[in-house]
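Biologist: Please take a close look at the largest nonpolar core. Which residues have the most contacts inside it?

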Amino acid sequence: MKKFLCLILAVLIVFPFAACKFTTGETDVEFKPTLDTTTSCEINVIGDYGNFEALEAEFDRFNKFYPNVRLSYAKTDNYQKTLRTVLEGNDKPNIFFSYTWMIGNPDYNQVLTHMEDLSDPALKLDLDCIRPSLVNHDAEGRVLMVPVFSRTYGMLVNENLFKKEGLSVPKTLTELMSVCEAFRNKGYSSPMMGYSRTSSSCFMYTVAYPLFLSALAENPDALALANDLDSEAGEYMRPALNAVKQLIDNDCVDLEECANIGNNYDGVILRFFEGDVPMMICAGDTVSGTKKRESQSEAFTKAPFDYTFAPIPMTEDGGYFIDSPSIEFSVNKDCDNLDMTNEFMRFLISKKELNKIASVKRLVTPTTDMPFDSVYAPFGRIPSERTISPEVLGIKDKLTVQIRIASYKVGKGEITIDGAIGKYGQFSE
Amino acid sequence: MIKKIWLSVLNALIIVGILTFVVLYSYFDHEKDYRNQVVRFEDMTVAMEHVTENYLQGEQSICDVWANYIVGRNMTLSDATEFIRASHVLQNTSAHLIYTDTLRGLSTRSNIINTDNYEVSYNQVDIFGNMEWIADIGEDINMSRAYTNPMNGEQSLAFINKITVYDDTLDETRNALLLRIIPISDLKEKWAFPQSEFENAELSVINSDGDYIIKGNSFKNNNFYEFYKSYNTIGGAALQELKDNVISATASFTMNDSKGQPCLIAYTPIKVANGWAMLNYIPVSALSSKTENWILIGVITVGLLVLLAVNTIYMRLINKRLQQMAKEAESANRAKTDFLSTMSHDIRTPMNAIIGLTTIAEQKIEDRKSLSDSLRKISLASSHLLTLINDILDISKVESGKLSLNPITFSIVDSIENLVNISQPMIKEKTIDFNIRINHIEQEYLFADQMRLNQIYINILSNAIKYTQAGGTIGVDLKEEKSEKAGYVRLTFTVADNGMGMSPEFMEIMYQPFSRQTDSRVNSIQGTGLGLAITKKMVDLMEGTIDCQSKVGVGTTFTITLDLRVADRQPEKMRLDPIDILIADDDDVLLETVAETLESLGGRPEKAHSGQEAIDLIGNRQATGKNFDVIILDWKMKGLDGVETAKKIRGEFGATIPIIMTSAYDLSDIETAAKDAGVNGFMGKPLFPSTLFTAINELRGVEAKAIEPEDDYSDIAGLNILIAEDNEINWEIIHALLEMFGITSERAVNGKVCVERLSNAKDDEFDLIFMDIQMPEMNGLDATRTIRKFENAKKANLPIIAMTADAFSENVAECLKAGMNGHVAKPIDIKFVIKEIRKIKENKQ
């Protein structure tokens with residue numbers, strides 16, 4: 001009887017402690033609400049993502065502090081064109097997606113006027129938790145947008161295929177060529193693949209862009225010319241365009257195979273999940289869709305394999321990590337419930353939450369910690385001198401259009417390398 | 001120990017069993033309630049679907065009316081726009097008319113940025129890539145997904161109709177679309193799930209692909225099935241089955257929401273919109289309203305545990321008490337065993353003496369001296385045995401609570417005299433210095449249980465005598481005081497000795513039955529360990545108090561205080577002639593109290609503290625020519641004792657003055673010497689007023705009346721007694737004993753024979769009847785009652801004395817009540833019998 005009573009008492013004593021421990025682990029103790037936690041209001045976020053479950057998970061976490069705040073995300077059709085209308089309409093969002101290329105673009109001057117200065121000390125946003133190279137300050141020193149994800153360029157690597165064929169993931173251009181040849185000899189018609197139907201997110205651009213940035217980074221004068229779309233800057237595209245051509249000419253990439261990939265997102269991922277592509281060239285944004293689509297791919301479900309996202313080793317020193325913001329958040333300073341909106345931003349802009357949202361979205365976190373998802377592990381091994389920040393470098397969006405279209409056309413064989421160099425500054429969408 | 005473990009296991013099993021039952025009952029009850037709630041939620045979903053249908057049909061019909069009107073009149077885009085603008089009644093709605101080929105057209109409301117611009121384009125809105133889903137006017141509901149209104153940026157829905165309009169620039173009829181646009185914010189207000197029915201319920205509408213038309217806040221993603229897949233595991237086939245069910249049936253399923261919490265999704269197809277379905281969300285916890293069951297379980301659990309704890313504590317207390325009781329019972333048993341052992345020893349000892357001495361007497365029947373010695377010792381042993389048996393009977397009555405009082409009118413003087421008489425042989429044997437003092441005893445007759453009172457006094461005094469060494473001192477004081485109770489007097493009886501005393505430990509338990517002090521000195525003293533217990537119970541019964549002061553080696557003083565009722569009958573007022581009385585006693589207190597008593601009787605007492613002082617006082621008085629009328633001398637005075645003093649008085653002053661000798665001791669031993677010394681009379685202590693009055697008056701009036709010697713039974717010789725006794729031996733004993741005193745007797749074998757014998761007897765044939773109680777045919781009580789009813793007054797009033805083994809006071813009271821005049825208990829003490837006979841005889845005279 002004594003033992004029985006003792007057992008019950010022990011359970012009664014231990015259980016509350018266990019519960020306390022569990023609760024402590026669940027709650028973000030770092031964030032402390034500054035507003036009335038019973039506040040009831042709505043906060044709307046708009047963007048061009050079809051869905052944004054990682055953000056919706058953040059809403060749920062924020063609701064633990066403010067249970068009566070209803071947060072929602074909605075996709076806006078024709079986002080880039082409609083954004084200004086939405087901001088000035090009756091259905092004003094609280095937070096909206098923004099991009100660095102909007103700054104300095106006259107079409108978005110009106111949009112910028114709706115953006116709140118997030119560097120305002122009164123807001124107490126922890127901007128220091130974000131890598132400085134990703135935080136864009138305008139001419140007045142304001143921070144109108146904060147990155148939520150970082151983007152990079154590389155290739156998805158089917159680790160199982162490499163193991164199966166007894167090959168190592170290449171770290172230099174020579175190794176890449178050698179591995180491609182080896183795969184080809186083993187019957188893989190296109191050791192590397194990528195989206196190629198349009199220039200947007202095409203694999204050619206993914207290969208060329210880091211090399212072009214590297215060339216410009218070594219020559220600041222050329223960078224200025226390139227940003228000004230001066231044709232003299234075209235020459236700096238040559239290494240990048242050569243690399244694209246080299247991959248195609250050496251049969252690393254079979255263009256016909258690539259042409260079967262219907263779009264630059266689902267199509268790329270599902271093709272990679274077929275399991276017969278050793279390397280799939282794509283941007284980090286595409287990688288973000290891999291996790292969710294694992295279950296949607298019957299081939300992957302039947303024969304799952306390990307994969308990583310690695311830099312494309314287009315030099316003998318390896319590849320590059322292009323550390324640039326993916327999407328950024330801006331606060332509509334004219335929205336309803338601005339205080340609660342800023343409270344949510346204060347909650348979100350923290351290492352803990354940004355790392356979480358990046359992990360769920362399977363994108364690179366913008367925080368200084370850079371706790372890469374295991375898929376991004378190869379990028380974690382890149383030395384800092386091979387990390388290029390377009391924002392720090394001062395790359396303008398119109399420059400990227402030139403290299404994107406030039407590389408696409410060269411890759412497709414629509415123009416020669418020299419021809420593309422000569423037309424620098426003249427390419428348009 | 002094993003029993004305890006089994007009991008614990010049994011308790012635990014009972015608790016677990018009850019809890020299991022409660023949990024299962026609660027679970028099934030909860031399940032039933034949950035199922036009912038689910039059914040109700042599904043019904044609500046169907047009801048909401050009907051409302052939705054009506055709303056959609058209403059909105060679509062407006063669109064249809066507009067479309068028919070525009071088509072019927074072959075309007076241009078501009079005219080149609082103007083017409084609709086004029087028809088608008090709702091502020092937030094708008095309409096767009098766009099050509100199907102260019103997806104460009106006009107809006108009824110201007111662009112929110114450029115307010116002069118009414119042109120609208122759907123080129124960048126991915127709605128009309130395929131228009132096959134849009135039915136002809138009036139055939140179906142054509143509603144778009146939620147999209148961003150390009151004119152104002154609001155998330156909106158559009159009810160759509162295919163129309164034709166006239167293009168005046170091309171002069172041809174062109175296909176166009178009419179969009180009646182409603183902001184989502186408006187729809188949300190109309191399509192809100194009634195929270196009064198289900199709190200936290202949310203509503204969504206999806207199209208055949210799962211894209212939300214209306215999206216509740218807890219529905220994540222832009223597509224319901226994507227949302228499902230994000231937080232739940234589902235295979236391709238199961239997903240397709242789910243999709244098919246959602247658009248074809250009304251039912252519900254559970255899934256995890258974005259917080260990982262289970263939720264119920266009730267779905268039903270929206271019949272008027274092909275492929276659409278209504279999905280209603282509610283957390284499962286919101287349907288589990290039976291939280292009170294858990295409270296019930298909690299309360300029962302805690303209750304059972306508390307009950308268990310209380311029971312355990314209670315059982316432990318009971319066990320402890322039982323253990324204590326068992327210990328006490330064991331102790332009592334041991335005490336009783338010890339007592340029985342003692343009794344056995346104590347009974348066997350006198351029995352051994354009786355049997356042994358009887359054998360010796362038989363062997364030496366010719367040796368008269370030896371025979372006499374044996375018989376004397378047998379008598380002593382028998383007496384002790386009787387006391388022992390009486391004590392045992394008394395304590396058994398005390399313990400059974402049957403001890404009751406039977407008050408009668410009695411003389412306290414008789415009681416005290418009896419006490420002294422009984423005690424004297426022991427006092428004499430142990431040569432104890434014994435003093436008894438009476439103080440202010442004014443009420444001689446009291447109404448109380450005399451037998452019990454005697455028993456109390458005798459017990460206390462006999463204890464003092466027993467536990468006082470030879471040569472020790474015992475003082476008895478009896479004092480009368482005024483009682484607080486009207487009609488009562490307070491008698492304080494104090495016995496002080498300088499005996500062995502008692503230890504404090506023993507004093508704590510001395511009133512418990514069977515307790516005797518553990519002392520080597522005590523072991524040699526006969527005792528039952530019951531006397532004090534009986535005494536205390538009797539004192540309590542008489543509502544008195546008993547106090548004891550004692551110290552080992554110093555002595556003991558018992559004080560008993562009783563409030564006793566004064567009897568109605570009191571002796572006539574006693575008054576002495578105004579005579580001079582000399583009292584000589586070396587006890588100052590006694591001297592004082594006797595002097596006061598004599599004064600109160602009318603005498604003139606003079607006190608002498610010694611024999612010599614008495615002689616001097618007589619001499620002094622004679623020198624003045626006067627003389628004392630009576631002289632009272634104590635026997636045991638220091639210096640000259642009473643006998644010597646009397647001798648000197650007679651020698652010096654002649655034999656004229658009557659001398660009375662007094663003592664607390666048995667005077668028979670010195671009677672002859674005293675008489676020789678010139679003593680005229682004897683008076684035993686204590687000296688009550690009546691004792692003094694009677695003794696002085698008798699001495700003065702009838703000359704000196706000698707105390708009747710103990711062996712002079714001439715006064716009772718010749719009496720004839722009828723004895724009703726059924727037992728042959730008893731008859732022989734009493735007959736033989738009476739014969740020793742010259743009393744003749746005749747036997748009646750039962751009550752009936754006794755009545756008949758008396759009835760037939762001559763009037764004075766019998767002086768007395770000794771009546772046994774328990775007899776065949778007619779018992780003693782009935783026989784007495786019959787005799788008392790005799791017509792012959794002499795026979796009817798013939799003294800009858802009960803002679804029975806029914807020795808308790810209630811038996812005595814019963815006998816008196818039946819009409820008897822006295823009671824003699826068996827085994828009979830012949831001295832007591834003779835005393836009773838004398839008493840009867842005196843009363844008769």
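**The largest core**

Modeller: The largest nonpolar core holds 125 residues, and those with the most contacts inside it are A:Val207, A:Ala208, A:Phe212, A:Met237, A:Val244, A:Met280 and A:Ile281. This is a predicted model: local features need pLDDT of at least 70, side-chain atom pairs count only at pLDDT 80 or more, and totals for chains, interfaces and linings use all residues. Residues are numbered from 1 along each chain as its sequence is written, while chains are lettered from A and ligands numbered from 1 in the order in which they are written.

A core here is a set of buried Ala, Val, Leu, Ile, Met, Phe, Trp, Tyr and Cys residues joined through C-beta atoms within 7 Å. Buried means 20 or more other C-beta atoms within 10 Å of the residue's own, all placed from the backbone.

Helix 7 of chain A (203–217; a DSSP run of H or I, at least four residues) gives this core its largest share, 10 residues. Domain 1 (41–144 + 327–362) and domain 2 (151–324 + 375–422) of chain A each contribute at least three residues to this core; the bounds come from an automatic or database domain assignment.

Take A:Val207. Leaving aside residues up to four places away in sequence, A:Val207 touches A:Ala243, A:Val244, A:Leu247, A:Ile281, A:Ile312, A:Met314 and A:Ser407. Contact means C-beta atoms, placed from the backbone, within 7 Å.

Apart from the largest core lies another, of 81 residues, including B:Ile441, B:Leu446, B:Tyr457 and B:Ala674. As for the two chains, their contact takes 28 residues from chain A and 30 residues from chain B.

Definitions and conventions: A residue is buried if 20 or more other C-beta atoms lie within 10 Å of its own, exposed if 12 or fewer, and partly exposed in between; C-beta atoms are placed from the backbone. Helices (H or I, at least four residues) and strands (E, at least two) are DSSP runs, numbered from the N terminus.
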